[in-house]
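Reader: Got a minute to go through this structure with me? I'd like to start with the cysteines.

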Amino acid sequence: MSDAIYAFKATSMKGIEEAFDQYKGKVMLIVNTASKCGFTPQFKGLEELYLRYKDQGLVILGFPCNQFGKQDPGSNGEIQEFCQLNYGVSFPMFEKVDVNGDNSHPLYNFLKQEAKGIAGTESIKWNFTKFLVNKDGEVIKRFAPKDSPKSLEKAITALL
């Protein structure tokens with residue numbers, strides 16, 4: 001068991017700082033999202049996964065990011081409204097963060113170290129990169145933006 005991920009905190013879309021220790025014993029799928037991206041329709045698949053498996057212990061955590069093509073320029077309130085109106089997003093969404101660079105959120109620094117990308121790179125290449133974390137807090141795998149939520153289902157159910 002790795003408790004490292006449970007030491008992190010992030011600010012919810014409601015402006016409340018939330019501790020990740022509330023997710024102990026749950027499978028987490030952590031995703032950097034964007035509202036104006038070619039992958040934005042993945043919100044629908046993410047919501048479907050969340051609704052199908054939340055009662056079995058899955059939680060999806062969305063982190064809007066404007067670092068890739070400036071594809072999430074809106075305010076946190078605008079992003080939240082867009083996600084709910086267009087995709088019915090009910091899984092936890094957090095305030096916009098940087099996932100690369102000097103201002104990268106500490107959670108993302110940790111995730112990138114634990115699950116490197118192709119060719120061992122740490123930096124995140126685009127919106128909708130997904131990190132799968134097991135019930136023991138271990139980062140199991142990084143999935144590319146092109147990996148659809150549906151394609152992750154088998155990996156998720158294996159951990160539930």
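Author: Sure, and keep in mind that this is a predicted model. The structure holds 0 disulfides.

Reader: Why is there no bond at Cys 37?

Author: Distance. The closest cysteine sulfur to that of Cys 37 sits in Cys 65, 11 Å away, and that is too far for a bond. A disulfide needs the two sulfur atoms within 2.5 Å.

Reader: Are those two buried or exposed, Cys 37 and Cys 65?

Author: Cys 37 counts as buried at 8% relative accessibility. Cys 65 is buried too, at 0%.

Reader: Ok, what does Asp 98 touch, leaving aside its neighbours within four places in sequence?

Author: Cys 65 again, plus Gln 67, Asn 103, Ser 104 and His 105. Asp 98 is in the loop between H2 and H3. Its C-alpha is separated by 7.3 Å from that of Asn 66, which is 32 residues away along the chain.

Reader: And how accessible is Asp 98?

Author: Partly exposed, with 28% relative accessibility.

Reader: Switching to the sheet. What order do the strands come in?

Author: S4-S3-S5-S6, four strands in an open sheet with mixed pairing. The edges are S4 and S6 (139–143); each has a single partner strand, so one side of each has no neighbour in the sheet. On average, neighbouring strands are turned by 15° against each other, direction ignored.

Reader: How do S3 and S4 pair, parallel or antiparallel?

Author: Parallel, over 7 bridges. Going along S3, Val 27 has Leu 58 of S4 as its bridge partner. Leu 29 is matched with Ile 60, and Asn 32 with Phe 63.

Reader: S4 is at an edge, so how many of its residues are buried?

Author: 7 of the 7, so S4 is largely enclosed by the rest of the structure. Both of its faces are covered. Leu 58, Ile 60, Gly 62 and Pro 64 are buried on one side, and Val 59, Leu 61 and Phe 63 are buried on the other.

Reader: That back-and-forth in the numbering, what's behind it in general?

Author: In a regular strand, side chains alternate between the two faces of the sheet.

Reader: What about S3, covered or open?

Author: Mostly covered, with 7 of its 7 residues buried. One side has Val 27, Leu 29, Val 31 and Thr 33, the other has Met 28, Ile 30 and Asn 32, and these are all buried.

Reader: Which strands does H1 touch on the sheet?

Author: H1 packs on S3, S4 and S5, and its direction makes about 155° with that of S4. H3 also packs on the sheet, touching S3, S4, S5 and S6, with its direction at about 110° to that of S3.

Reader: Tell me a bit about H1 itself. How far does it reach?

Author: H1 covers residues 42–53, which is 12 residues, and spans 17 Å from its first C-alpha to its last, close to the 16 Å expected. Its buried residues are Gln 42, Phe 43, Gly 45, Leu 46, Glu 47, Leu 49, Tyr 50 and Tyr 53. Besides the three strands, S3, S4 and S5, those buried residues pack against helices H2 (76–87) and H4 (153–159).

Reader: And how does H2 compare with its expected length?

Author: H2 has 12 residues and reaches 16 Å, close to the 16 Å expected. Just after H2 comes Gly 88, which takes a positive phi of about 65°.

Reader: Last topic, aromatics. How many pairs turn up?

Author: A search of the whole structure gives 11 aromatic pairs. One of them is Phe 8 with Phe 110, a tilted pair at 5.4 Å centre to centre with 45° between the planes. That pair links distant parts of the chain, 102 residues apart: Phe 8 lies in the segment before S1 (9–11), while Phe 110 lies in H3.

Reader: Is that pair made of buried or exposed residues?

Author: Buried. Phe 8 has a relative accessible area of 16%, and Phe 110 has 10%.

Reader: Which rings are linked into a cluster?

Author: Phe 20, Tyr 23, Phe 63, Phe 94, Tyr 108 and Phe 131, linked by ring pairs. You've met Phe 63 already, as the bridge partner of Asn 32.

Methods. Residues numbered from 1 in each chain as written. Predicted model: local features only at pLDDT ≥ 70, side-chain atom pairs only at ≥ 80, totals over all residues. Heavy atoms only, no water. Helix = DSSP H or I, 4+ residues; strand = E, 2+ residues; numbered from the N terminus. Expected span 1.5 Å × (residues − 1). Buried < 20%, exposed > 50% of the residue type's maximum accessible area, 1.4 Å probe, protein only. Contact = heavy atoms within 4.5 Å. Phe/Tyr/Trp six-rings, centres within 6.5 Å; stacked < 30°, edge-to-face > 60°. Pairing = 2+ DSSP bridges. Axes fitted to C-alpha atoms, helices over the stretch in contact; angles between N-to-C directions.
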